[in-house]
Amino acid sequence: MPVISVLPSAVADQIAAGEVVERPASVVKELVENSLDAGAKSVEITVQEGGRALIRISDDGAGMDADDAVLSLARHGTSKIRTSADLTGVRTFGFRGEALPAICSVSRMEIETALHDGSGTRLEAAGGAPPTVTPTQRRRGTTVTVTDLFYNSPARAKFLRGSRSEWRAISEIVMTLALTRRDIRFELLHDGRRSLTAPPASSLRVRLGALWGVQYADGLLDVDDVAGPIHVSGLVERPANVGTATRRVFLSVNGRSIRDAGIVRGAEAAYRSTIPAGTRPALYLEVAVPADSVDVNVHPAKAEIRFQDRWTVERAVERAVRRALGTFDSSAAMGRSFFGGITAPNAHVQVIESEILAPQAEDTPLFHAASSSADAADVKDYETVARDIAGNASTREDDNIPPLTQLRRTYIMFEHEDGVVLIDQHSAHERVLYEEFMRAIETGSADSQRLLLPFTLTLSAAELEAFDLNREYFDKLGFEIEPFGGNALIVHAVPLPHPRFDAERCLRDTLASLTGDRTPSAHGRHERLVATIACKAAVKGGDLLSGAEMRALFVALRDTNLPAHDVHGRSTIVQLAWSEVDRRFGRS
């Protein structure tokens with residue numbers, strides 16, 4: 001007698017169900033996606049006891065005649081593809097013909113469907129048995145009712161979670177589908193109570209506002225960038241808001257919601273040096289790529305895809321998010337941000353066009369304020385100091401610099417037509433120096449000044465170890481340092497980022513901060529070193545700045561790649577909208 005045997009059809013169906021139907025939320029996902037593929041404009045989802053007792057999906061899409069309704073319950077019965085070639089670039093959510101028979105094999109199912117208003121077809125089946133077919137009267141579309149999920153698979157049923165947990169999973173699935181198809185009306189009912197009504201939305205921001213509130217949606221930052229054939233769009237969290245609300249991640253590729261750690265990793269890499277370590281931003285990103293460059297047939301639930309060139313996609317996502325963070329729209333705001341939002345969907349957001357860490361060549365909207373009234377002598381003085389305090393910051397004759405005021409020797413303030421803008425002088429200068437020093441390490445062209453009287457540093461063993469570990473990067477930054485016997489170093493040359501720079505104090509503080517650093521990669525090590533030196537070398541809160549120095553810092557900050565945040569993730573710029581001021585004074 002043969003050891004190998006072909007499994008009965010009922011057993012094969014239940015094995016397939018194990019791959020497709022993990023829990024009630026899986027049933028909801030598969031059935032709603034069928035409705036969307038059928039061209040529905042309105043989908044109603046009804047759930048009882050977290051989907052354990054009942055799941056009903058009603059739509060107004062293209063229904064089926066009696067023959068097609070029966071075939072829909074046959075394994076691999078599908079209207080989406082005909083040959084293997086059709087799998088390349090398939091755009092529909094479903095295409096394998098597995099969902100309905102798999103669900104039917106572990107539940108009691110009823111399908112009512114009609115091609116037009118009037119006569120239709122009703123199918124009833126349970127446990128994968130052949131369906132009973134009867135005529136019925138109904139409107140155009142299809143209604144699928146699933147009850148007693150896993151009634152014939154007690155081993156599967158005992159792994160279901162409580163009704164509340166299963167309901168949360170269903171709610172997340174429906175919200176994800178609502179974000180994916182914003183042209184569809186979704187209605188979700190749980191235990192007879194309406195939980196969600198999402199009418200068609202004109203944009204991702206409007207849809208998010210309907211799901212989680214206008215205030216939350218208004219605090220997100222627009223992303224829109226094209227890199228070759230790859231288009232990345234969506235919304236991401238402002239760095240100042242990261243960690244203040246529930247983190248949510250939504251990704252779609254070619255209109256299909258997916259999970260992809262690589263895309264998330266690329267987007268989060270763009271936040272490097274703008275948020276504190278360990279915090280992760282909310283992301284709502286849509287990626288469009290050529291259909292033949294992805295394979296969607298690699299996961300049982302189609303929750304993952306395979307890219308032909310993953311690295312290029314991840315870099316495109318990182319670039320798009322970084323460009324969004326490089327606008328002043330990404331700065332922290334008290335009240336509504338000056339740029340964008342639900343109330344101004346057509347507002348034009350300018351973005352930095354330069355490559356990472358290259359100087360910015362174009363003005364951004366934040367600095368379109370009234371021109372400075374400084375006289376020619378002041379401008380000449382400003383240009384001289386600008387070269388000292390801001391290195392290579394551009395000092396064009398047409399720089400449009402508003403009148404600047406220093407508050408508490410810590411903040412620089414100026415007036416914008418939509419509000420007041422505050423700049424933290426230490427954070428701003430830290431950002432300027434960080435990007436300048438990073439360029440120096442990348443190009444190896446740091447300027448340095450030889451000291452007439454070299455000075456020595458006596459270090460602890462840990463500080464000396466930190467120096468030896470980072471010596472290469474100190475050299476690239478313009479320091480010329482040699483061992484001087486024992487635990488001593490002698491310093492012959494130092495960079496001069498600005499006239500206030502205290503090289504000895506900066507070196508001591510930097511080496512003390514790097515003591516015990518165990519950053520594994522060289523890339524991470526040099527970023528931390530540069531961030532530390534930039535922090536120690538920057539002007540401090542409490543330093544009095546002249547008008548020329550403030551203007552120089554203003555121009556240098558504008559020309560950075562990520563001006564709205566310092567290297568520790570703190571805000572460099574805060575917008576205070578006039579609407580918020582008026583509200584505080586009772587004028588709104």
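**Rings, charges, strands and one helix**

Colleagues, I begin with one side chain: Phe 479 counts as buried, at 4% relative accessibility. Here buried means under 20% relative accessible area, exposed means over 50%, and partly exposed lies in between, with a 1.4 Å probe and protein chains only. The structure is a predicted model, in which local features need pLDDT of at least 70 and side-chain atom pairs count only at pLDDT 80 or more, while totals for chains, interfaces and linings use all residues. Residues are numbered from 1 along each chain as its sequence is written, and side-chain values use heavy atoms, with hydrogens and water left out.

I turn to the aromatic rings. A pair of aromatic rings is described by the distance of the centres and the angle of the planes. Rings of Phe, Tyr and Trp (its six-membered ring) pair if their centres lie within 6.5 Å; planes under 30 degrees apart count as stacked, over 60 as edge-to-face, and the rest as tilted. How many aromatic pairs does a search of the whole structure find? The search finds five. One of them is the tilted pair of Trp 212 and Tyr 284, with 6.3 Å centre to centre and 40° between the planes. This pair links distant parts of the chain, since Trp 212 belongs to helix α7 (residues 204-212) and Tyr 284 to strand β13 (residues 283-288), 72 residues apart. For these names, helices (H or I, at least four residues) and strands (E, at least two) are DSSP runs, numbered from the N terminus. Tyr 284 counts as buried, at 1% relative accessibility.

Our opening residue returns in another pair: Phe 474 and Phe 479 are edge-to-face, 5.7 Å centre to centre with 80° between the planes. Phe 474 is buried, with a relative accessible area of 1%.

Trp 212 and Tyr 284 also belong, with Tyr 216, to one aromatic cluster. Over the ring of Tyr 216 sits the charged end of Arg 248, 5.4 Å from the ring centre. The rule for such a contact is that NZ of Lys or CZ of Arg is within 6 Å of the ring centre and within 35 degrees of the ring normal. Arg 108 offers a second case, its charged end sitting over the ring of Tyr 151 at 4.1 Å from the centre.

Arg 108 leads us to the salt bridges. Side chains of opposite charge can pair when their charged atoms come close. A salt bridge here is a side-chain nitrogen of Lys or Arg within 4 Å of a carboxyl oxygen of Asp or Glu, and by this rule the count comes to 30. In one of them, Arg 108 meets Asp 148 at 3.0 Å, N to O. Asp 148 is in the loop between β6 (141-147) and α5 (154-157), whereas Arg 108 is in strand β3 (residues 108-114), 40 residues apart. Asp 148 is partly exposed, with a relative accessible area of 34%, and Arg 108 is partly exposed at 37%.

Are the partners Arg 323 and Asp 225 buried or exposed? Both are buried. Their side chains meet in a salt bridge at 2.3 Å, N to O. That bridge links helix α10 (residues 310-325), which holds Arg 323, to strand β9 (residues 220-227), which holds Asp 225, and the two residues are 98 residues apart.

Helix α10 takes part in a further bridge, between Glu 314 and Arg 265, whose closest N and O atoms are 3.5 Å apart. Glu 314 in α10 and Arg 265 in helix α9 (residues 261-269) are 49 residues apart along the chain. Glu 314 counts as buried at 7% relative accessibility, while Arg 265 is partly exposed at 49%. Together with Asp 260 and Arg 310, these two residues are linked in a network of salt bridges.

Next, the strands. In a regular strand the side chains alternate between the two faces of the sheet. Strand β18 (residues 411-416) shows this alternation: Ile 412, Phe 414 and His 416 point to one face and are buried, while Tyr 411, Met 413 and Glu 415 point to the other and are not. Two strands pair if DSSP finds at least two bridges between them. Strand β17 (residues 405-407) pairs with β18 in the antiparallel sense over three bridges, and Thr 405 has Met 413 as its bridge partner. These strands form a hairpin with three residues between them, and Arg 408 in the turn has a positive phi of about 55°. Strand β19 (residues 419-424) runs antiparallel to β18 and is joined to β18 by six bridges. Glu 415 stands opposite Val 420 in β19, and a hairpin joins β18 to β19 through two residues.

I close with helix α14 (residues 503-514). In α14, the buried residues are Ala 503, Cys 506, Leu 507, Thr 510, Leu 511 and Leu 514. They lie on the same side of α14 because they cover an arc of only 120° around the axis, the arc being that of the directions from the helix axis to the C-beta atoms.
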